[in-house]
Amino acid sequence: MTGIPPDAQPAPRSHDLSVVGFPEQAASVEARVRKPANPDKPERLSFAAAWRCSRAARAEIQHRVGLRRAELERQFEASRAHFDEAQERIRERTGRDLIVAIIIGLALGGLVTVGLFCFKQWFFVLVAITAGLGSYELTIALRRVGIRIPLISTLGVTVLVITATQFWGSRGQLLSILGGLIIIVLCRAVQHLVWTPRGRVLDLTRDIAAACLVQFYVALLSSFAVLLTAKPHGEFWFFALITTVVAADTGAYGFGLLFGKHPMAPMISPKKSWEGGAGGLVSSVVVASLLMQFLLGYPWWIGLIFGVCVVLAATLGDLVESLLKRDIGIKDMSSLLPGHGGILDRVDSILPTSVVGYILFHLLR
């Protein structure tokens, strides 16, 4: 065999396009063969490197979440401490748990609203239950100071007055209250003769007067709510009445808590102030004007009169009940309603305003 000279050049191959005169096609083929890496595509990491990166990222996220959680917990604790401090100040000034009082108040308001507009013909049952519980509270409270009132007859007469008012109107109201007083007097007289025959007549007279007070204050005033709701569109009037009373109480509570400095009746209710009374008056007038115009269809200035009359009657009823509790020596009539006290503590403003609402209804019709 003959060797190939070292300086000899190999002959061009048929597929070497750049040599045979096709440089562009040669570049395309070379690019497809080599497949250079895409500079925009990130380089793939190994599994171990990716795992280390993910662990570091998770640790960083957990650290940030922990810091944020700690910050939120500090803010929550600070807000809670501030809220508890405000609650304690309110409790010291009013003696009430504000949150519980609001919840109970909303529940009672919903119950009254449903009874008025969905079961109007049976609303007197709710009034009878409320009046019966109020009579029970007042009777038990008076017994603490030695006043003996027959409990069963008192409760029976209270329910009788409400029921008679529902079915026979004002005539049933008058006859039932008179007949009920006679029944209570006879029951107390029999008790005196049987159990305390040597008791003083003065004590008997005092007990009979207190029993009559219970019927006039609770049963008779409650029956005006039944008379009002029994009238055509009376449920709207009573709703406006209740809403105005609530507005007056809320305004008096808020203004008294914030600005109260001058006691209204320090010997009867030391926590009531003239500033609170002014706030209650403004609130009741505003709410009454809106209700009169948009709910009952009267001019707004009728609402001014309605609001003033309601707030005066509500304040009077509140002071009367405070005077009774002060004479008896108790803070609340009972603890039936948390945050409010007893039934009478909640309806003391509504009882006299029911009479005012009934009178205004007849004057404006």
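How many helices and how many strands are there in the protein? The predicted model has 12 helices and 2 strands. Reading from the N terminus, the order is α-α-α-α-α-α-α-α-β-β-α-α-α-α, so eight helix symbols come before the pair of strands and four come after.

Some overall numbers help to set the scene. The protein has 365 residues, and 36% of them count as buried. About 22500 Å² is exposed, with carbon and sulfur atoms supplying 68% of that area. As for contacts between residues with a separation of 6 or more, 68% of them link residues that sit 24 or more positions apart.

The two strands can be dealt with quickly. Strand β1 covers residues 263–265 and strand β2 covers residues 269–273; they run antiparallel and are joined by 2 bridges. A hairpin of 3 residues takes the chain from β1 to β2. Across the pair, alanine 265 stands opposite serine 269 of β2.

The rest of the story is about helices and how they pack. Two packed helices are described by the angle between their axes and the distance between the axes. Take α8 and α9 to begin with. Helix α9 spans residues 274–294, and its axis comes within 6 Å of the axis of α8, crossing it at roughly 150°. Since angles over 145 degrees count as roughly antiparallel, α8 is roughly antiparallel to α9. The crossing itself is right-handed. On the α8 side, the residues that meet α9 include Trp237, Ala240, Ala247, Gly251, Phe255 and Phe259. On the α9 side, the residues that meet α8 include Gly276, Gly279, Gly280, Val287, Leu291 and Met292.

Helix α8 also has dealings with α7. Here the axes again come within 6 Å, and they cross at roughly 130°. The two helices are therefore oblique to each other. Ala225, Leu228 and Thr229 of α7 make this contact with Gly234, Glu235, Trp237, Phe238 and Leu241 of α8. Trp237 thus turns up in the contact with α7 and also among the α8 residues that meet α9. Between α7 (201–230) and α8 (234–259) there is a loop, and histidine 233 lies in it. Histidine 233 has a positive phi of about 60°, although it is not a glycine.

A further helix pair sits later in the chain. Helix α10 (residues 300–328) packs with helix α12 (residues 350–364) at an angle of about 155°, and their axes are 8 Å apart. With that angle, α10 is roughly antiparallel to α12. This crossing, too, is right-handed. From α10, the residues taking part are Ile302, Phe306, Cys309, Val310, Ala313, Ala314 and Gly317, and they meet Pro352, Thr353, Val356, Leu360 and Leu364 of α12.

What does serine 354 touch, leaving aside its neighbours within four places in sequence? Serine 354 lies in α12, and its contacts are Leu221, Phe224, Ala225, Phe238 and Leu241. Of these, Ala225, Phe238 and Leu241 also belong to the contact between α7 and α8. Serine 354 counts as buried because its relative accessibility is 2%, and the cut-off for buried is under 20%. Along the chain, serine 354 and tryptophan 237 are 117 residues apart, yet their C-alpha atoms are separated by 10.0 Å.

Tyrosine 217 offers another look at how distant parts of the chain meet. Its place is in α7, and at 8% relative accessibility tyrosine 217 counts as buried. Tyrosine 217 and aspartate 348 are 131 residues apart in sequence, but 9.5 Å apart in space, C-alpha to C-alpha. Setting aside neighbours within four places in sequence, tyrosine 217 is in contact with Leu138, Gly317, Val320, Glu321, Leu324, Leu344, Asp348 and Leu351. Gly317 is also one of the α10 residues that meet α12.

Is threonine 165 buried or exposed? Threonine 165 is buried, with a relative accessible area of 2%. This residue lies in helix α6, which covers residues 151–195. Not counting residues up to four places away in sequence, threonine 165 touches Gly172, Gln173, Ser223, Val226 and Leu227.

Note on methods:
Residues are numbered from 1 along each chain as its sequence is written. This is a predicted model: local features need pLDDT of at least 70, side-chain atom pairs count only at pLDDT 80 or more; totals for chains, interfaces and linings use all residues. Side-chain values use heavy atoms; hydrogens and water are left out. Buried means under 20% relative accessible area, exposed over 50%, partly exposed in between (1.4 Å probe, protein chains only). Contact means heavy atoms within 4.5 Å. Accessible areas come from the Shrake-Rupley method with a 1.4 Å probe; for residues, only the protein chains shown count as cover. Two strands pair if DSSP finds at least two bridges between them. Axes are lines fitted to C-alpha atoms, for helices over the stretch in contact, and angles run from 0 to 180 degrees between N-to-C directions. Angles under 35 degrees count as roughly parallel, over 145 as roughly antiparallel, 65 to 115 as roughly perpendicular and the rest as oblique. A crossing is left-handed if the near helix is turned anticlockwise from the far one by less than a right angle, and right-handed if clockwise.
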